[in-house]
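Here are some notes on the fold, set out as numbered points so that each can be checked against the coordinates in turn. Please read them with the structure open beside you.

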Amino acid sequence: MDENIKVQNLTKFYTLTLLKTKKTVTGYYIIKRLKSDLGKTASPTYIYDFLANLQAEGYILPIPTSKSKRSKGFQLTQLGEDFVDRILQRFGNLIEAAIVSKLQVCASCGVKLFDNFYIETINDKKMNFCCKHCAKAFKNSMQ
Ligand SMILES: [Zn+2]
């Protein structure tokens, strides 16, 4: 499914997770958390543009906050919740694919492994090899 809003970097991804985990967030809060949690300096323009795009799509609603009239808070709508869930799912799949592809190579020669490969336990760790010979070569190289 093609999304109208592209989430192609960590700044946007983290903004969505903050919206998902907090009831109401302000742009200022997002910028603060990006800095403290990820060491990322985001420009306010970038964050407010992203929030404006989310709002235009109907994914978030502005909520007046009591503290100051200038700091607008935002909340996810149901549509926004669904959008964030799809994005989280997609990132989850990407991470899973990265992990799986990492496991499915011979630990010795790095060749890609398909259905039948050779598993040997070395130092209590199950390791995958393309063949017995690679397993043996790997063990020899550890000594
Ligand atoms: Zn191999």
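**Notes on the predicted model**

1. A convenient place to begin is the pairing of Pro62, which stands opposite Phe74 in β3. The model is a predicted one, and the pairing described here belongs to β2 and β3, two strands that run antiparallel and are joined by five bridges, with β3 covering residues 72-76. A further pair along these strands is Ile60, which stands opposite Leu76 in β3.

2. The sheet to which these strands belong is open and has three strands, placed in the order β1-β3-β2 with antiparallel pairing. Its edges are formed by β1 (25-26) and β2 (60-64), each of which pairs on one side only. Helix α1, residues 10-21, packs on this sheet and touches β1, β2 and β3, while its direction makes about 80° with that of β3.

3. On the other side of the pairing scheme, β1 and β3 are joined in the antiparallel sense over two bridges. Within this pairing, Thr26 has Gly73 of β3 as its bridge partner. As general background, the strands of a sheet pair through backbone hydrogen bonds, and they may do so in a parallel or an antiparallel manner.

4. Turning to the helices, α1 and α2 pack with their axes 10 Å apart and at an angle of about 110°, and α1 is therefore roughly perpendicular to α2. The crossing in which α1 passes α2 is right-handed. On the α1 side the contact is made by Leu10, Thr11, Tyr14, Thr15 and Leu18, and on the α2 side by Ile30, Arg33, Leu34 and Leu38. Sorted by class, this contact of α1 with α2 comprises six nonpolar, two polar and one charged residues.

5. Helix α2 (residues 27-38) also meets helix α3 (residues 44-56), and here the axes come within 10 Å and cross at roughly 125°. At that angle α2 and α3 are therefore oblique to each other, and their crossing is right-handed. The residues that make the contact are Gly27, Ile30 and Ile31 from α2, together with Pro44, Ile47, Tyr48 and Leu51 from α3. By class, the contact of α2 with α3 has six nonpolar residues, one polar residue and no charged residues. Ile30 deserves a second look in the viewer, since this residue of α2 is listed in the contact with α1 and also in the contact with α3.

6. A separate pairing is found between strand β4 (residues 118-122) and strand β5 (residues 125-129), which are joined in the antiparallel sense over five bridges. Here Glu120 stands opposite Met127 in β5. The hairpin of β4 and β5 has two residues between the strands, and in this hairpin Asn123 takes a positive phi near 50°.

7. Finally, how is the chain divided into domains? The assignment gives domain 1 as residues 10-99 and domain 2 as residues 104-142, and the C-alpha centres of domain 1 and domain 2 lie 43 Å apart.

Definitions and conventions: Residues are numbered from 1 along each chain as its sequence is written. This is a predicted model: local features need pLDDT of at least 70, side-chain atom pairs count only at pLDDT 80 or more; totals for chains, interfaces and linings use all residues. Domain bounds come from an automatic or database domain assignment. Two strands pair if DSSP finds at least two bridges between them. Helices (H or I, at least four residues) and strands (E, at least two) are DSSP runs, numbered from the N terminus. Two residues are in contact if their C-beta atoms, placed from the backbone, lie within 7 Å. Axes are lines fitted to C-alpha atoms, for helices over the stretch in contact, and angles run from 0 to 180 degrees between N-to-C directions. Angles under 35 degrees count as roughly parallel, over 145 as roughly antiparallel, 65 to 115 as roughly perpendicular and the rest as oblique. A crossing is left-handed if the near helix is turned anticlockwise from the far one by less than a right angle, and right-handed if clockwise. Ala, Val, Leu, Ile, Met, Phe, Trp, Tyr, Cys and Pro count as nonpolar, Asp, Glu, Lys and Arg as charged, and the others, Gly among them, as polar.
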